[in-house]
Amino acid sequence: MSFQPTSFQPATFRIDGETIDATPRPGQCLRTFLREQGRFGVKKGCDSGDCGACTVHLDGRPVHACLLPAHRAEGREVTTIEGLSCCGRLHPVQQRFLDAQAFQCGFCTPGMVMTAAALDPAQRARPDRLLKGNLCRCTGYRAIREAVQGEIPAAGSRDVQAPGGRGVVDGTARFTMDVAVERLSHIKVLQSPHASARIRRIDVAAAMAVPGVLAVLTHRDAPAACFSTARHENPLDDVDDTRVLDPVIRFAGQRVAAVVAETEAAAERARDLIAVDYEILPAVFDPEAAMAPGAPVIHDKPAAVSRIADPARNVAAEVHGGVGDVAAGFAEADAIHEGVYESQRVSHAQLETHGAVGWIRNGRLVIRTSSQTPFLTRDALARLYDLPPERVRVVCGRVGGGFGGKQEMLVEDLVALAVLRTGRPAKLELTRAEQFTMTTTRHPMKVRVKVGAKADGALTAIEMRIVADTGAYGNHAPGVLFHAAGEAVALYRCPNKKIDGWAVYTNQVPSGAFRGYGLSQTGFAVESAMDELARRLGMDPFAFRRRNVVVPGDPMVSLDAGPHDVEFGSYGLDQCLDRVERALAEDHRIGGAPAGRRPPVARAAGERPGPAPSGAAPVGEASAGATPPAVGGPGEGVSGERPAVGGAGEGAAGDWLVGRGMAVGMIDTIPPRGHVAHSRIALDGEHYLLTVGTAEFGAGTSTVHVQIAAQALGVSPDRIRLQQSDTDLGAHDTGAFGSTGTVVAGQATLRAAQALADALRRAAAERLGAAVEECVLGAGGVTDGRRTVRLSTLAGVSAEGRADGTPRSVAFNVQGFVVAVHRRYGTLKILRSVHAADAGFVVNPRQCRGQIEGGVAQAIGAALWEEVRLDGEGRVETPAFRGYRLPAMGDLPVTEVHFARTHDRLGPLGAKSMSESPFNPVAAALASAIRDATGLRMTATPFLADRIHAAMRARAAEPDFTQPDFRTEETDRERHPAGS
Amino acid sequence: MRPFQYLKATNVAGALRAGRDASDDPSATAYLAGGTTLLDLMKLDVIGPTRLIDLRALASEHGTIRVDGDALRLGAFASMAAAADHPDVRERAPVIAQSLSLAASAQLRNMATLGGNVLQRTRCAYFRDPSWAACNKRRPGSGCAAVGGANRQHAVLGAGADCIAAYPGDFAQALIALDATVRLVGPEGARSIAFSDLHRDPKGAPHLETTLKPGEIVTEFVVPAARWARRSLYLKIRDRQSYEFAVTSAAVALDIEDGVVGEARIALGGVATRPWRATTAEETLRGAVLTEARAAEAGRAAFAGAVAQSHNAFKIELGRRTIVRALLAAAAMEVDHG
């Protein structure tokens with residue numbers, strides 16, 4: 001025999017130094033095989049070789065385990081993240097990732113470490129190209145690059161390491177799917193190919209006949225009740241328009257039916273055998289068209305019950321309000337700018353997809369899920385399936401990224417249905433394609449803004465009209481619209497404001513909560529408009545902001561001037577503006593004057609940028625060896641480091657137009673209408689056991705909780721043990737959204753820890769016969785200065801703390817960019833990225849900086865490349881990372897982060913929120929930098945190079961770039977008064 | 001993923017025999033090399049072989065890279081990483097090394113083979129998603145959803161009404177530019193063909209992408225020695241800096257003596273339905289002094305027959321400029337012909 005049939009044959013594998021005899025299933029890939037061998041450190045992010053989360057070593061070389069048939073590893077040495085460390089000692093790369101805290105959610109970390117561990121020292125010095133096969137959504141890569149290069153900044157005293165960090169780097173941290181469950185069944189979902197249809201008939205007989213199928217669930221099996229997938233403290237905040245399985249199809253990708261089977265393969269085969277007879281219905285894809293008379297009605301539900309604002313007009317939610325008289329305001333303005341700014345649909349792209357595992361234990365339904373809101377999901381499941389809440393337990397493992405996407409119940413309802421129906425444990429883990437087609441996105445928005453000001457810069461009127469596309473369901477539509485209409489306008493002191501907004505149903509993938517919660521879209525509009533208005537007035541953008549932003553004492557007004565619970569608990573916007581202005585002014589790549597003061601035309605046409613920009617510029621891949629060709633084309637892929645290098649005979653440095661831009665963001669530190677957290681802390685021997693409800697998905701709040709408790713109890717952080725996100729432990733917690741992990745849940749922890757400290761001092765005082773005021777709590781126990789009561793003798797004491805999220809403060813972000821735009825090709829390079837944040841007292845500077853870097857990185861992706869594109873029939877065209885352009889390490893600049901020095905009187909230890917807000921000013925700052933460089937105002941994200949190029953061409957009314965005479969520099973400049 | 005039967009060939013003869021045993025339904029059997037395209041497409045349900053014949057063992061026989069006489073011989077089972085990093089390849093044909101190192105990711109380059117790389121399938125979104133009914137490549141006769149659909153990434157050269165999918169690879173452009181030949185072995189024996197004859201024009205039968213006969217295996221690429229191979233480079237333009245298929249690309253090779261172009265080779269990626277040699281563009285350069293204007297003329301010649309779709313008209317001008325830039329950069333290279 002010259003070949004050996006090996007299917008179904010037992011084989012011998014070498015995994016992490018162990019010899020294992022096993023029989024991979026026919027068709028099984030190495031990734032799932034390794035996980036079945038307990039190697040849960042091998043993650044699934046895409047299952048198609050795009051993200052690198054499953055990277056393992058095969059005979060010492062990094063490969064994607066998802067693209068390798070398991071049998072292929074036979075007789076070869078397989079090393080996973082869990083086999084990289086040896087004898088309890090971390091591999092040096094793992095140690096460096098730990099030292100640098102080069103992770104947030106940690107889901108990409110095993111793959112990242114495996115790829116990095118195979119690099120030689122020369123390669124490690126320049127990791128950008130070699131790590132492009134590993135995607136990280138959280139960090140912005142700065143800390144990862146430092147870990148790989150081994151250049152790790154010294155940690156400050158407050159830079160406490162994240163609890164559980166060692167498990168992240170050695171692969172033993174357990175995420176949602178990293179559990180072995182006996183008798184587990186698998187769920188696969190049939191999705192609709194049509195954007196609008198009614199299911200006439202659904203025949204599951206053939207599917208049921210597939211061996212191993214336990215159930216096929218259709219709308220006939222689902223509860224009749226409608227709910228919202230959005231999770232909020234008050235369920236009445238959202239519209240009830242969704243069913244677990246619905247006979248009416250409202251978007252392509254919607255769930256039609258679900259198969260529960262013994263194996264994934266059987267479930268998939270059965271899914272494809274479900275016969276559905278659809279009655280195709282008219283669909284509408286444009287929100288404006290959907291509001292027009294005669295448009296198909298997407299949710300024919302009574303408004304009173306569903307809380308849909310206007311079902312007949314497809315309006316899920318609307319807001320209208322303002323103050324003063326905008327017409328009068330514009331009448332007295334010396335300059336007015338009006339523009340329409342569009343933000344596209346983007347994906348959260350958490351590396352861990354949505355997924356849940358459920359089972360029944362002791363008569364209770366248990367759901368282990370990837371959620372930002374375990375308690376609210378527990379309540380929702382109890383309501384939906386008519387179970388007492390105490391009969392439902394929702395628990396999270398480590399959550400592999402959220403960004404708002406997991407403030408929804410998108411899989412738990414179906415897992416619960418399967419478990420309740422079959423009695424069997426069941427798992428639903430979405431594929432990356434399903435993640436793109438079945439979950440949620442940012443709300444695309446079209447925002448018309450009109451702003452007017454007097455010659456001295458004082459704003460006279462702001463008018464904003466928002467049309468948000470909520471897609472097929474109204475989850476988060478009211479909240480996102482309300483927030484979008486809020487702080488972006490409230491930031492400005494202006495007597496006349498008018499805002500109208502509609503969140504409109506269309507037959508497209510639903511929008512939902514997304515980092516920034518509407519503010520990134522209206523922020524792009526308002527901040528771009530303010531920059532235009534400042535230019536019209538000949539004012540510097542920083543000076544214009546200083547003239548107009550709210551300061552303590554000013555009312556914060558958007559929809560109304562009524563009383564609310566938002567206060568200036570602290571104010572650091574002035575410091576942020578100063579810091580970013582200084583950084584941009586000192587940038588050596590552009591000569592003297594600050595951005596905006598000088599007419600852009602003078603610099604753009606006349607001057608060449610000084611030394612070749614490098615360093616802060618994104619580092620690309622050099623193509624040719626000795627002489628890298630000059631940068632070209634859209635997006636530019638070559639010789640990325642040196643935008644000013646010229647190819648022979650070409651325009652070289654003079655082709656690069658350099659400009660600066662900035663934008664501001666303000667955010668309420670807590671969402672309105674109640675956000676509740678409870679913490680409990682108990683003395684447990686020499687340690688304290690801290691129980692919080694809030695979930696950790698990478699924002700670093702676990703560390704902050706530990707630090708807050710440690711400080712209040714006078715011990716080092718390693719004395720605090722944390723347990724969290726389990727509805728069986730601790731009392732109600734609204735969840736980790738709206739940047740509340742520190743400011744609300746942290747407040748509850750602070751109160752619990754302070755209460756415990758008081759209780760311990762009282763108990764000790766009693767024992768010592770001393771006054772409570774004399775007693776001091778410390779690491780060794782409670783002392784009155786002479787005698788000490790050891791903690792171990794005080795065991796059993798515990799305390800609780802509660803926070804309810806009011807009153808609220810405001811946090812600020814200012815982003816600045818220096819960019820270079822290629823005059824002839826539209827190529828954009830970020831030469832410098834500077835961010836200043838007012839986060840109050842920064843509990844953990846390294847983590848908070850990571851939040852900001854990651855937020856800016858995600859926002860750069862959304863501003864420059866990312867787009868969930870739909871075709872004319874409402875179908876997602878970008879269901880994979882290969883086409884949905886998540887930034888890789890080499891795509892991003894380093895963002896310098898500065899903190900204002902403030903102390904918030906409302907937040908715990910003086911802290912404010914800082915997780916979603918860094919995203920918000922980025923798109924406008926980039927647009928304004930492009931405007932400064934080129935004279936062009938980009939009004940729709942993403943700013944792809946071909947769009948910039950097309951806009952440059954259109955503006956210049958350039959007859960044709962294809963003319964035979966490639967113009968010389970001089971003639972080009974004449975015809976191309978760049979910046980005009 | 002669907003279950004499949006997995007067979008390991010230990011040598012060429014075994015592989016061919018296994019392929020022949022399965023010849024009743026050719027689409028039911030597939031050869032498995034690096035697997036980075038095959039497994040991906042199987043998971044997407046675009047293809048559904050029930051039997052894979054693993055050819056990895058052939059690497060011992062057909063996985064080396066060496067210089068033979070003056071020719072570069074690249075074993076088809078060498079990994080992309082091995083070829084990209086090979087000193088002889090980098091020196092003698094930089095365009096090959098660059099085309100490989102600019103493609104994919106480190107992990108994929110470790111896995112993927114050279115032979116598999118040239119056979120990779122298009123990234124057309126309609127081809128890769130079987131829920132689209134219309135795709136002549138996937139289901140002959142079903143139509144083309146990309147015509148009139150989202151076609152920013154699609155071809156402007158060699159496209160017809162039945163298929164406008166772009167050939168996605170980079171390495172193939174280097175091979176076609178350097179007049180490589182392909183060595184094949186099949187049930188009817190071994191043969192060699194010009195690399196330019198390996199891929200078919202999509203017209204009429206877009207589902208047939210190559211001229212490989214049933215059961216044939218690519219074993220080697222032979223790149224003849226030439227002065228222009230040393231003065232060669234690959235310029236890849238894409239939407240972001242890293243990890244992206246080409247929007248446009250150019251593999252160029254030049255022989256320049258005293259400022260005059262003796263021989264010019266130009267191949268284009270990202271813009272055509274198959275690996276694409278721009279021979280008319282090359283002709284405009286022979287015997288000429290390479291100025292920017294002359295390079296622009298070559299660019300125009302290369303795209304003379306281009307047909308834009310609704311979203312990709314920009315590729316024509318971008319492709320022309322890619323040629324100009326690549327030619328000028330190649331002319332400026334310092335080359336040691338020793």
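In the predicted model, Arg183(B) has Glu220(B) of strand β8(B) as its bridge partner. Arg183(B) belongs to a pairing in which strand β6 of chain B, residues 181–186, runs antiparallel to β8(B). Five bridges join these two strands. Strand β8(B) also pairs with β5 of chain B, residues 71–75. This second pairing is antiparallel too and comprises four bridges. Here Leu74(B) stands opposite Phe221(B) of β8(B). Strand β8(B) spans residues 217–223, and seven of its seven residues are buried. The strand is thus described as mostly covered.

Chain A contains an open sheet of three strands. The strand order is β10-β8-β12, and the pairing is antiparallel. Strands β10 (248–249) and β12 (275–280) of chain A stand at the edges. Each has a single partner strand, so one side of each lacks a neighbour in the sheet. Strand β8 of chain A covers residues 197–203 and is joined to β12(A) by six bridges. Within this antiparallel pair, Asp203(A) has Ala275(A) of β12(A) as its bridge partner. In general, strands of a sheet pair through backbone hydrogen bonds, in either a parallel or an antiparallel sense.

Helix α14 of chain A runs from residue 412 to residue 422. Eight of its eleven residues are buried, so the helix is largely enclosed by the rest of the structure. The buried set begins with Glu412(A) and Asp413(A). It continues with Leu414(A), Val415(A), Ala416(A), Leu417(A), Ala418(A) and Val419(A). Just after the helix, Gly423(A) adopts a positive phi of about 75°.

Chain A is assigned five stretches or sets of stretches as domains. Domain 1 covers 1–160, and domain 2 combines 185–281 with 352–438. Domain 3 combines 309–346 with 442–536. Domain 4 is built from 584–636, 643–657 and 810–972, while domain 5 covers 677–803. The centres of domain 1 and domain 3 of chain A, taken over C-alpha atoms, are separated by 45 Å.

Ala335(A) lies in strand β14 of chain A, residues 335–343. Its relative accessibility is 7%, under the 20% limit, and therefore Ala335(A) counts as buried. Beyond its neighbours within four places in sequence, Ala335(A) is in contact with Val451(A), Gly452(A) and Ala453(A), among others. Leu533(A), Arg536(A) and Leu537(A) are also in contact with Ala335(A). Leu459(A) is 124 residues from Ala335(A) in sequence, yet the C-alpha to C-alpha distance is 9.5 Å.

Nonpolar side chains tend to be buried together in soluble globular proteins. The largest nonpolar core of the model holds 176 residues. Phe97(A), Val819(A) and Phe943(A) touch the most other members of this core. Leaving aside neighbours within four places in sequence, the contacts of Phe97(A) include Ala102(A), Phe103(A), Thr109(A), Met112(A) and Val113(A). They also include Ala116(A), Ile144(A), Ala147(A), Val148(A) and Val169(A). Another core lies apart from the largest one and contains 56 residues. Among its members are Leu58(B), Ala76(B), Met80(B) and Ala229(B).

The cavity search gives 19 cavities of 30 Å³ or more. The largest cavity holds about 240 Å³ of space. It is lined by 19 residues. Those closest to its centre are Thr229(A), Thr242(A), Phe251(A), Arg255(A) and Leu410(A).

Conventions. Residues numbered from 1 in each chain as written. Chains lettered and ligands numbered in written order. Predicted model: local features only at pLDDT ≥ 70, side-chain atom pairs only at ≥ 80, totals over all residues. Heavy atoms only, no water. Pairing = 2+ DSSP bridges. Buried < 20%, exposed > 50% of the residue type's maximum accessible area, 1.4 Å probe, protein only. Core = buried A, V, L, I, M, F, W, Y, C linked by side-chain atoms within 4.5 Å. Contact = heavy atoms within 4.5 Å. Domains from an automatic or database assignment. 1 Å grid on protein atoms, 1.4 Å probe; cavity = no way out; pocket = protein on both sides within 12 Å on 5 of 7 lines; lining within 4 Å. Points joined across faces, edges and corners; volume = space filled by probe spheres on them.
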